[in-house]
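Visitor: I'd like to walk through this one with you. Could you show me the structure so we can talk about its ligand and pockets?

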Amino acid sequence: MKVDNEGVFVFWLGWYPMVAITDYKGAEAVLSKPNQKKGEEYKFLGLQDGIVASHGQKWRARRRMIDPFFNAKSLTSYIPLMNQAFSLVTKDLKEEKVETIDMAHNIHIGSLNVIMESTMSIPVDSMKDYKKVILSDLESVEKIALTRILNPILWFDKIFFQTKGGKFFKEAVDRFDAVLIDKITERLDSRKLKVDEKEQKMRHDLIDLLAVHHDPNSNDVTQSIDIEGMKAEIVNVIIAGHDSIAAGIRWTLFLLGNHIECQEILYNEIATSFADDQYPTTLDEINRLTYLDQCVKESMRLYPPIPLTSYQLEYDAEVGKYVVPKGTAVAFSFYTIHRDEKIWENPNQFDPDRFSPERYSKIPRYGYIPFGLGKRSCVGQKFAMIEMKVFIIHLIKHYSWISTKNVDEVKFAMDVSTKPLEPLNIKLTPRN
Ligand code: HEM
């Protein structure tokens with residue numbers, strides 16, 4: 001895809017103008033600035049007033065409260081959950097003797113299991129029917145939210161909630177909220193009963209981490225978080241951290257199924273690192289798999305799981321020969337930045353070696369930003385990289401696969417995540 005010389009153009013959502021940034025220089029001009037307010041559209045995604053859409057002091061406080069969920073100790077504690085969730089995926093594939101499959105559903109169930117256990121301690125192998133409902137709700141809510149974002153008439157609550165989509169949206173959000181409120185209040189009550197607050201738990205989930213900041217007697221949002229706030233943050237982490245990971249895994253499998261030579265190099269790396277019945281248990285073991293890292297990064301370059309992000313400028317920004325004034329809504333196309341032929345050689349080609357340290361060091365910092373960059377960049381990026389890798393390790397230890405379609409045959413849409421417009425089928429062959 002060609003980008004225009006200045007890497008910027010204006011488009012309209014109805015009567016609402018937005019500036020699209022399509023190259024790394026424009027991305028740098030905006031993302032390197034200190035204050036970052038997210039685009040107005042985020043509030044239509046069902047994210048309530050949580051970390052993804054909030055700004056200023058409240059955002060800073062929430063980011064500080066959520067950060068420990070992603071520290072090295074916490075991340076290490078999620079690896080066994082991931083192993084458990086993804087061994088269930090391969091077990092199901094074997095039991096059902098699956099040959100050709102679009103893995104979307106299996107990946108979604110696996111990653112929903114991981115995020116619900118890590119945030120709320122809902123065990124991986126439990127509430128199966130409820131999780132199916134949640135998955136279907138999440139999918140519908142995303143579609144309805146996108147329709148709303150693209151049609152400014154629906155930005156008015158009074159109109160939107162009268163529509164069929166709006167009514168469903170509310171019902172789905174209420175269904176999810178009911179479970180969250182239950183889990184949160186149950187936990188807060190049990191904390192009250194505990195004499196020793198530092199109970200010797202193996203792992204603290206997101207409710208535990210947020211509960212530390214819950215003070216029913218305080219209204220200060222920079223220090224305390226109320227039950228609504230806790231609910232919003234858990235919803236934010238689940239929504240931000242579920243579909244994106246699933247998209248990342250799905251496109252990586254598709255590309256590896258189109259590049260058998262890369263898949264074999266990857267298999268050898270994993271087979272020489274772990275015995276047949278062994279899986280990673282530490283961050284170090286995962287970080288040592290350099291070719292796996294390159295494959296996942298290259299896949300996210302070609303198909304960034306989140307294709308776009310948007311901001312409301314809090315300052316004038318110089319983008320190419322233009323000055324984009326304060327207050328303007330700006331959208332970034334990661335897809336276009338990642339395929340800019342000014343910085344990427346043969347940009348449409350899958351080539352994991354371009355992420356070897358030597359070659360990658362020549363790419364400008366803002367030329368590869370699947371997780372964004374700067375203050376508002378993805379807080380869950382390490383979690384995401386680990387989860388995507390653990391999934392691929394599980395699958396490749398049991399199966400080799402080829403994709404039934406090649407890259408040119410598959411069209412996709414830039415929805416909230418990058419969505420193929422048809423199944424991404426792969427044909428599985430058991431390894432032993
Ligand atoms: C492959 C998977 C993922 C991708 C590609 C991705 C990408 C992104 C992007 C592009 C942003 C916005 C950056 C910006 O606006 O500049 C973001 C924000 C965010 N992501 Fe992720 N993400 C992924 C997985 C996750 C996971 C697993 C979690 C949590 C478990 C998560 C939690 C968040 C949160 C909370 C934010 C908002 C951060 C803030 O505004 O301070 N993401 N992510």
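Here are some questions and answers on the ligand site and a pocket.

Visitor: Which protein atom is a donor of the iron atom of the ligand?
Guide: Keep in mind that this is a predicted model. Look in the loop between α15 (357-360) and α16, where C378 lies. C378 is also among the residues that come nearest to the ligand. The iron has a single protein donor, at 2.3 Å, and that's the SG of C378.

Visitor: How far is the polar side-chain atom of T309 from an oxygen atom of the ligand?
Guide: Polar contacts are counted here within 3.5 Å. K38 has a polar side-chain atom 3.0 Å from a ligand oxygen, and R376 has one at 2.9 Å. For T309, the gap between a side-chain N or O atom and a ligand oxygen is 2.6 Å.

Visitor: Which element gives the largest share of the shell around the ligand?
Guide: Several elements supply at least two residues each: α2 (56-66), α9 (227-240), α10 (243-258), β5 (308-312) and α16 (381-398). Both domain 1 (1-32 + 307-369) and domain 2 (33-306 + 370-430) put in at least three residues. The top contributor, with three residues, is α16.

Visitor: How many residues of the shell around the ligand are nonpolar?
Guide: The shell has 28 residues, with W59, R63, T309, Y311 and C378 coming nearest. Split by class, three are charged and six are polar. The nonpolar count is 19.

Visitor: Moving on, what is the volume of the second largest pocket?
Guide: To find the spot, head for K297, F371, Q381, K382 and M385, which lie nearest the pocket's centre among its 22 lining residues. The lining takes at least three residues from each of domain 1 and domain 2. The volume comes to about 470 Å³.

Visitor: Which element gives the largest share of the lining of the second largest pocket?
Guide: The lining has 22 residues. The elements giving two or more of them are α3 (72-95), α12 (283-287), α13 (290-302) and α16. With five residues, the largest share comes from α16.

Visitor: And how many charged residues are in the lining of that second largest pocket?
Guide: K297 and K382 are two residues to look at, as they're among those nearest the pocket's centre, and Lys counts as charged. The rest of the split is 14 nonpolar and three polar residues. The charged ones number five.

Key: Residues are numbered from 1 along each chain as its sequence is written. This is a predicted model: local features need pLDDT of at least 70, side-chain atom pairs count only at pLDDT 80 or more; totals for chains, interfaces and linings use all residues. Side-chain values use heavy atoms; hydrogens and water are left out. A residue is near a molecule or strand if one of its heavy atoms lies within 4 Å of it. A polar contact is a pair of N or O atoms within 3.5 Å; within protein, one must be able to donate a hydrogen and the other to accept it, and residues adjacent in sequence count only if both atoms are side-chain atoms. Helices (H or I, at least four residues) and strands (E, at least two) are DSSP runs, numbered from the N terminus. Domain bounds come from an automatic or database domain assignment. On a 1 Å grid over the protein atoms alone, a cavity is a set of points where a 1.4 Å probe fits but cannot get out, and a pocket is an open set with protein on both sides within 12 Å along at least five of seven lines; lining residues have an atom within 4 Å of a point. Grid points are joined across faces, edges and corners, and a volume is the space filled by probe spheres set on the points. Donors are N, O and S atoms within 2.8 Å of the metal (3.2 Å for Na, K and Ca); water is not among the atoms, so sites may look incomplete.
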